[in-house]
Amino acid sequence: MRSRLVGFALVALAAACTGMRAPPRPAVPTLRYGSVMVEIGQRFHQLGLAATSSNWPLLDYFARGLAATWEADLRLAVAPGPQDIYAEEEVVDLFKAQLRARQESFAKAELTALAPAIAARNAGALEAAFARAAAGCNACHRESGHPYIVIPSSYGQPVPQYLR
Ligand code: HEC
């Protein structure tokens with residue numbers, strides 16, 4: 001009898017609590033991985049254009065923008081999943097565990113090679129860093145089930161490349 005009373009009390013308490021639920025929070029906009037990649041592609045393209053005219057201050061600007069987008073926005077972006085219609089799902093699932101690690105290693109290895117070449121105004125080093133970065137972009141695209149997203153390794157071509 002007593003335990004039944006306790007049971008009733010608990011049910012009543014639970015009902016009261018649901019009535020007191022905090023008001024819903026406004027939805028926080030989420031960044032899609034693919035949308036951030038669109039921006040990264042745009043910045044990489046602009047960097048390549050600035051390189052064709054050896055515009056060093058502009059190159060510095062684009063390299064910083066690229067790094068900032070990579071460091072801040074891509075880290076916050078939701079990993080590709082069922083919400084993304086273009087990926088090959090099985091590959092994406094397999095790759096998911098590696099995505100963040102690959103993202104970080106690309107930032108440390110390939111992406112950081114651009115800034116010192118620009119700071120030194122070394123055209124040869126910049127060309128090599130650009131090609132190396134593009135190879136890194138493409139390796140990740142292949143492995144994540146997006147082999148058709150091809151980033152050109154030389155300056156002034158559209159990013160991504162439409163013709164091969
Ligand atoms: C760590 C892995 C990884 C690296 C490195 C990477 N990407 Fe991506 N990229 C992706 C994935 C995954 C997608 C597909 C995202 C989606 O649509 O959900 C993508 C998509 C893209 C797209 C297509 C976006 C669209 O929807 O139109 C462009 C452009 C792009 N990447 C540019 C680049 C460039 C430029 C680099 C190198 C500077 C780069 N990516 C490096 C993983 C990577």
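**Group meeting: a helical protein and its ligand**

Okay, let's start at the ligand: the shell of residues around it splits into 17 nonpolar, seven polar and two charged. Keep in mind as I go that this is a predicted model.

So which residues come nearest to the ligand? Of the 26 around it, those are G34, M37, G41, C137 and C140. As for the helices behind that shell, helix 2, which runs 33–52, helix 4, at 89–108, and helix 6, at 123–143, each put in at least two residues. The biggest giver is helix 2, with seven residues in the shell.

Let me step back to the overall fold. We have six helices and zero strands here, and reading along the sequence you just get α-α-α-α-α-α. The protein has 164 residues, and 18% of them count as buried. If you take the contacts with a separation of 6 or more, 58% are between residues 24 or more positions apart.

How far do we trust it? Mean pLDDT for the protein is 84, with 80% of the residues at 70 or more. Helix 1, residues 2–19, is where confidence is lowest, at a mean of 53. Helix 5 is at the other end, the highest, at 96.

Now the inside. The largest nonpolar core has 24 residues, and the ones touching the most other members are L47, L59, A63, L114 and A133. Helix 2, helix 3, helix 5 and helix 6 are the elements giving two or more residues to this core. Take L59 from that list: what is L59 in contact with, once you leave aside neighbours within four places in sequence? You're looking at L47, A50, A51 and I118.

Next, a tryptophan, W70, which sits in helix 3, residues 56–76. Is W70 buried or partly exposed? It counts as partly exposed, because it has 19 C-beta neighbours inside 10 Å and the buried class starts at 20. Not counting residues up to four places away, W70 touches I40, A107 and L111. And if you want a distance to check on screen, the C-alpha atoms of W70 and V36 are 8.3 Å apart, with their positions 34 residues apart along the chain.

On to the loops, where two residues have backbone angles worth a look. S54 is in the loop between helix 2 and helix 3, and its phi is positive, about 45 degrees, although S54 is not a glycine. R121, in the loop between helix 5 and helix 6, also isn't a glycine, and phi there is positive too, near 50 degrees. Both are exposed: S54 has 11 other C-beta atoms within 10 Å, and R121 has 12.

Last stop, the segment after helix 6, where we find P160 and Q161. Which two residues does the cis peptide bond join? V159 and P160, with omega at about -5 degrees. As for Q161, that one counts as partly exposed, since it has 15 C-beta neighbours inside 10 Å. Beyond its neighbours within four places in sequence, Q161 is in contact with V150, I151 and P152. Q161 and Y148 are 13 residues apart in sequence, and C-alpha to C-alpha they are 8.9 Å apart.

To wrap up, here's what I'd keep: the ligand shell gets the most from helix 2, at seven residues, and helix 1 is where confidence is lowest. Okay, over to you for questions.

Note on methods: Residues are numbered from 1 along each chain as its sequence is written. This is a predicted model: local features need pLDDT of at least 70, side-chain atom pairs count only at pLDDT 80 or more; totals for chains, interfaces and linings use all residues. A residue is near a molecule or strand if its C-beta atom, placed from the backbone, lies within 6 Å of it. Helices (H or I, at least four residues) and strands (E, at least two) are DSSP runs, numbered from the N terminus. Ala, Val, Leu, Ile, Met, Phe, Trp, Tyr, Cys and Pro count as nonpolar, Asp, Glu, Lys and Arg as charged, and the others, Gly among them, as polar. Two residues are in contact if their C-beta atoms, placed from the backbone, lie within 7 Å. A nonpolar core is a set of buried Ala, Val, Leu, Ile, Met, Phe, Trp, Tyr and Cys residues joined through C-beta atoms within 7 Å. pLDDT is the predictor's confidence in each residue, from 0 to 100.
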